[in-house]
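Good morning, and thank you for coming. I would ask you to look at the sequence and the structure together as I speak.

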Amino acid sequence: AFYKSKLSPVSKYLTGERGSALTFDVLEYAIQSAHSLGLELHAWVNPFRWSPSSTIKWNTTIDNDIYSKGWILETEKGKIFNPGIAEARQYIVDVCKEIVGNYDIDGLVFDDYFYTSPTPEDATAGDYQLYRRSGTSMTIAQWRRNNINTFISQVYRMIQNTKPYVMFGVSPAGVAKGGAMSAGIRPYNETNASDWQYVKIYSDPIAWLKAKSIDYVSPQLYWDTDHKTNPFGPLVKWWSYAAN
């Protein structure tokens, strides 16, 4: 956390030591500075990331408590809060509620870090048995996307019940052709951009827009205007068309 929290340990990138005492509230300062300039401040949250490496082990009281609950899903790309566990999802909702409730933010926006890429879809996956025990008729990919869709709806409802004027958005990278096709949307220009959102990290921004469980989408489009597969201009137009 880069703010005062009872639920999340302070980031080592802020104080030098994870979980140490926070002597200066960076978020409060940023909010006051932004508002003094007539700017909105939307707090950026990386919702499911626990550790960027499968070998890192944290040692704060909060970390140890969470890890002992069995909420962490491990892959070769790192460790995340397991979106298939209802209690883990609720914990992140509570973290977001702490931010929304304690700070005068204008919006809350998620990075597109949901499941790691790749996460196996066979019996080697850390959540495979959880998927089997769910008794669902969905494929594991559909089940994972449903977990994320459920979580997004939970956060939206929490914000509406806490401070309904606070906007809620997500910043997906690239495009989401799979979600658009699933929703029956045929954007005017089918790009050649890869759709790792829908297929690899089980993120379906089109479903959230359709369900009105987010207020806005702000795509992360990092590529040059003349990029061969992901040109900036056409991707912006793709999102505008799909969102409308």
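Let me begin with a term: two strands are said to pair if DSSP finds at least two bridges between them. By that rule strand β6 pairs with strand β7, residues 216-217, since two bridges join them, and the two strands run parallel. Within this pair, G169 has Y216 of β7 as its bridge partner. Please keep in mind throughout that the model is predicted.

Now for the chain as a whole. The protein chain has ten helices and seven strands. Does its overall radius of gyration agree with that of a compact globule? What value would we expect, and what value does the chain have? For 244 residues, a compact globule would have a radius of gyration near 18 Å, and the protein chain has 19 Å, which agrees. Taken along the principal axes, the box filled by the C-alpha atoms is roughly 50 × 50 × 35 Å. Of the 244 residues, 48% are buried. The protein chain exposes about 12500 Å², and carbon and sulfur atoms supply 51% of that area. Among contacts between residues at least 6 apart in sequence, 68% join residues at least 24 apart.

I turn next to the sheet that contains β6 and β7. In what order do its four strands lie? The order is β1-β5-β6-β7, in an open sheet with parallel pairing. Strands β1 and β7 stand at the edges with a single partner strand each, so one side of each is left without a neighbour in the sheet.

We may walk across this sheet from β1. Strands β1 and β5 pair in the parallel sense over four bridges, and the bridge partner of H42 in β5 is G107. From β5 to β6 there are five bridges, again in the parallel sense. Here G107 has M167 as its bridge partner in β6, while D111 stands opposite S171. Strand β6 itself covers residues 167-171, and four of its five residues are buried, so it is largely enclosed by the rest of the structure.

Strand β1 deserves a closer look. In a regular strand the side chains alternate between the two faces of the sheet. Which residues of β1 point to the buried face? They are A43 and V45, whereas H42 and W44 point to the other face and are not buried.

The second sheet is formed by three strands. It is open, with the order β2-β4-β3 and antiparallel pairing. Strands β2 (49-51) and β3 (72-75) are at the edges; each has a single partner strand, so one side of each is left without a neighbour in the sheet. From one strand to the next, the twist averages 35°. Strand β4 comprises residues 78-81, and two bridges join it to β2 in an antiparallel arrangement. One residue pair to find here is S51 with its bridge partner K79 in β4.

Let us now consider helix α4, residues 86-102. Its 17 residues reach 24 Å from the first C-alpha to the last, close to the 24 Å expected at 1.5 Å a residue. The helix lies across β1 and β5, and runs at about 150° to β5. The buried residues of α4 include A88, R89, Y91, I92 and V93. What do the buried residues of α4 pack against? Their partners are the helices α2 (26-36), α3 (61-68) and α6 (140-162), together with the strands β1 (42-45), β4 and β5 (107-111).

Two single residues will complete the picture. The first topic is F151, which is found in helix α6. With a relative accessible area of 0%, F151 falls under the 20% cut-off and is therefore buried. Which residues does F151 touch, if we do not count those up to four places away in sequence? They are P47, F48, R89, I92, V93 and F110. Of these, V93 shows how the fold brings separated parts of the chain together: F151 and V93 are 58 residues apart in sequence, yet their C-alpha atoms are 7.9 Å apart in space. V93 is also one of the buried residues of α4.

The other residue is D63, in helix α3. Is D63 buried or exposed? Its relative accessible area is 2%, and because buried means under 20%, D63 is buried. Leaving aside neighbours within four places in sequence, D63 is in contact with P9, R18, W50 and W58.

To close, I would ask you to find the two sheets once more in the model: the parallel one, in the order β1-β5-β6-β7, and the antiparallel one, in the order β2-β4-β3. Then please locate α4, lying across β1 and β5. Thank you for your attention.

Key: Residues numbered from 1 in each chain as written. Predicted model: local features only at pLDDT ≥ 70, side-chain atom pairs only at ≥ 80, totals over all residues. Heavy atoms only, no water. Axes fitted to C-alpha atoms, helices over the stretch in contact; angles between N-to-C directions. Rg over C-alpha atoms; globule rule 2.2 N^0.38 Å. Buried < 20%, exposed > 50% of the residue type's maximum accessible area, 1.4 Å probe, protein only. Contact = heavy atoms within 4.5 Å. Areas by Shrake-Rupley, 256 points an atom, 1.4 Å probe, with all protein chains shown as cover. Expected span 1.5 Å × (residues − 1).
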